[in-house]
Amino acid sequence: MAGPLLEGDRGLLARAVLGMALTGASCAMALEGLTGHWLGPFVAANVLSERQRGRLMLVLAAGAVAGIAMAAILYWPARLGDGRQRLARAAQLAAPLGLVGVLPGLLDSNGWPDPLMLALSLAAFLLALQPLWRLHFSAYATATTSEPPSLSPRPRDGFFYRFSSSLPAGLRRHGMTLVVAAAAVFYIGYAAFFAVRNHHRFDTYTWDLGQIDNLFFNFLHGHPFRSTPLIRGGNWTELRGHAEVVTAFLLPIYALHPAAETLLIMQAVLLGLAGVCLYRFAARRLPPSTALALTVAYYLYPPLHGAQFFDFHFQPVAAAFLLAAIDCFDARRMGLFTVFFILAITCREDISVGTAVFGLFLILTGQRTRAGAVILAVSLLYFVAFRFVIMPAVGGWGFADLYKVLFPSEGAHNFAGIIKTIVSNPLFTFKTLLTADKLRFALQILTPLAFLPIRRAHLAMSVLPGAFFTLLTTGSGPTLDIGFQYGCFFVPYIFPAAALALAAITDAPDGGGVARRRAAVATMLVGTLIATAHWGAIPPRAAYRHAYGEIMVFDPPTPTQVQRRHDIADLVAMVPPDAILAATDRELPHVSNRLQCWNFSTGFGGSDYVLYGTTRPSSYETNELHAAERAGYLHAAERPGLILLKRPGAP
């Protein structure tokens, strides 16, 4: 016979009953939130009729009563001691449901017209949710074992290990690999299919798909670093903007089918395979199920989708190569690491800033210090050589205005001046970070991962490469928008950092690391799913915003768009291959695989032919059309929505 309730027991019992009441009210609120269309205005502006508000209060009260009733049912049948334990454990298991009531509101897109408010609310939700997950997982009977260090073989704990032990040996050995491979194949197929479809719907642009397609085409035909949509010059002029040396290594792939579609598919394949590299890295120090969860978070990561579906860029390509390099470095396959490292830093000169931070991380943490010193030295040497010697010799820096607030009041307005400001005036530099747009962007980067990369001081270094090229910029919308490519400055570092953070949580000396790790993983998955529901592109949805605030349409091209592609091919067939063709923004990526292809919005003078799209021209393009007609350009041919102009005397 159990004794009377002690004071501590009464407190535990009261907390358990209160927890069950709150859980009941929260579940009732969630069910009510799934009915009708009242939730969006209610969350956005507290708009709700008096009758509906009264109903909501009654629902909350009924849910609380139901929770208390459940607590009584759990407690009463057993005599005091057993009843207290059963009720306390049930309250722990149900703890995450205490916040389920706000989920419908968080997921309702109509309730969040301001993305900053959504990002802040999601961050607060996740910070409150993780302790509840910890209570939940602490209720499981988990043996207290000493976990292996982070570089040891994967620990054998958790549901997956117990389940997999009952499977056939072959499936047990390769089953998780097959799941990850299937996820990679799905991502590659999904991303490639819809990226090409988006292109065929004329939702790609001169900058940057047309520009980079022309760069590849010129490189393929013996004109290195020439991109005529960007700079109307000769060979090597592209180095004024960025040093995209990796183009030479990727040419064999592009040569298979020299067109913009090849670049879009290549980008999807590389980012899809990078997820496998992330899994391999994580699985060396975490249970396979946890490594898989992190890989799923990678494939669903909204900033990755923004880069994937906004044309083609070298930051996503570099991110893929960097994840492969980090995986090979971790596996001590230094030959392959060297290959991927070279491919990564040659994507753009600024990628070497991130690899320099990686080398510094290895030095400061004392892990493979000599290798870290070599990586740091090579990265800095490569960056300095290109940014301060080779590129200035070709021409001025085309992206200096992104950092114009950081220019010194006196002295050169160039990259060296920015570095001087950062080093000499850190307070002013920090002050430039304090804007609403930068806060929103930082939260969109970190909340899907439940802030794992910054939970350890040394792992917070993983955000530095991305922060330099996004958060330090001033007056630039795209660099602070996850619909563009700039989020991929973070991707190859924060995901491995998240894996290391989870391993560090597991290695906690107090024996509760496994429950805390599971809580962190569950919180990460919830954060990823909510972030993806609002900002991601998987699955297809009608409200996905990518670059320039455009809504991406996942539907097939319309018959008009299909015919338009055929009409463009017919019109371009009339233009000699060596003639200079200027084209409007939406049409240029469809004709950029030629030696001389100019961006019409920056001027028509000197072009032999002009391909003008009448569907969505900009004001600049309309003005240039009128100027070309006044200059004597003739209408050589027309198709619905398209005009081909010819300069008198052109070939």
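Visitor: Over the ring of which residue does the charged end of Arg564 sit?
Guide: This is a predicted model, and in it Arg564 belongs to helix 24, residues 559-573. The charged end of Arg564 is 4.6 Å from the centre of a ring and sits over that ring. The ring is that of Phe202.

Visitor: Is Arg564 buried or exposed?
Guide: A residue counts as buried under 20% relative accessible area. Leaving aside neighbours within four places in sequence, Arg564 is in contact with Phe202, Glu587, Gly613, Thr615, Gly641 and Leu642. Its relative accessible area is 9%, so Arg564 is buried.

Visitor: Where is Gly613, one of the contacts of Arg564, placed?
Guide: Gly613 has 2% relative accessibility and therefore counts as buried. Apart from neighbours within four places in sequence, Gly613 is in contact with Arg564, Thr584, Glu587, Gly641 and Leu642. As for its place, Gly613 is in strand 3.

Visitor: How many of the residues of strand 3 are buried?
Guide: On one side of strand 3, Tyr609, Leu611 and Gly613 are buried. On the other side, Val610 and Tyr612 are buried too, and both faces are covered. Strand 3 is largely enclosed by the rest of the structure, because the buried residues number 5 of the 5.

Visitor: What is the bridge partner of Tyr609 in strand 5?
Guide: Strand 3 is joined to strand 1 (residues 581-583) by 3 bridges, and these two run parallel. In that pairing, Leu581 has Tyr609 as its bridge partner. Strand 3 is also joined to strand 5 (residues 642-646), by 5 bridges, and these two run antiparallel. In strand 5, the partner of Tyr609 is Lys646.

Visitor: Why does the pair of Phe600 and Tyr612 tie together parts that are apart in sequence?
Guide: Phe600 and Tyr612 form an edge-to-face aromatic pair, 6.1 Å centre to centre with 80 degrees between the planes. Both Phe600 and Tyr612 are buried. Phe600 lies in the loop between strand 2 (597-599) and strand 3, and Tyr612 lies in strand 3, so the parts tied together are 12 residues apart in sequence.

Visitor: How many aromatic pairs does a search of the whole structure find, and is the pair of Phe312 and Phe314 stacked or edge-to-face?
Guide: The search finds 35 aromatic pairs. The ring centres of Phe312 and Phe314 are 5.6 Å apart. Planes over 60 degrees apart count as edge-to-face. The planes here are at 80 degrees, so this pair is edge-to-face.

Visitor: Are Phe312 and Phe314 buried or exposed?
Guide: Phe312 has 0% relative accessibility and therefore counts as buried. Phe314 has a relative accessible area of 1%, so Phe314 is also buried.

Visitor: Which helix gives the most to the largest nonpolar core?
Guide: The largest nonpolar core has 147 residues. Phe216, Leu294, Tyr298, Phe312, Phe321, Phe495 and Met524 have the most contacts inside it. The helix that gives the most to this core, with 13 residues, is helix 11 (residues 260-283).

Visitor: How many residues are in the other core?
Guide: This core lies apart from the largest one. Among its residues are Ala579, Ala583, Leu588 and Tyr609. Tyr609 is also one of the buried residues of strand 3. The number of residues in this core is 17.

Visitor: How many residues of helix 13 are buried?
Guide: The buried residues of helix 13 are Pro302, Pro303, Leu304, His305, Gly306, Ala307, Gln308 and Phe309. Just after helix 13, Asp311 takes a positive phi of about 55 degrees. Helix 13 (residues 302-309) is largely enclosed by the rest of the structure, because its buried residues number 8 of the 8.

Visitor: Which residues form one aromatic cluster with Phe309?
Guide: Phe309 is one of the buried residues of helix 13. The residues in the cluster with Phe309 are Phe186, Tyr190, Phe193, Phe194, Tyr544 and Phe554.

Visitor: What distance does helix 3 reach from its first C-alpha to its last?
Guide: Helix 3 (residues 50-75) has 26 residues. Its buried residues include Leu56, Val59, Gly63 and Gly67. At 1.5 Å a residue, 38 Å is expected, and the reach is close to that, at 38 Å.

Methods
Residues numbered from 1 in each chain as written. Predicted model: local features only at pLDDT ≥ 70, side-chain atom pairs only at ≥ 80, totals over all residues. Heavy atoms only, no water. Core = buried A, V, L, I, M, F, W, Y, C linked by side-chain atoms within 4.5 Å. Buried < 20%, exposed > 50% of the residue type's maximum accessible area, 1.4 Å probe, protein only. Helix = DSSP H or I, 4+ residues; strand = E, 2+ residues; numbered from the N terminus. Pairing = 2+ DSSP bridges. Phe/Tyr/Trp six-rings, centres within 6.5 Å; stacked < 30°, edge-to-face > 60°. Lys NZ or Arg CZ within 6 Å of the ring centre and 35° of its normal. Expected span 1.5 Å × (residues − 1). Contact = heavy atoms within 4.5 Å.
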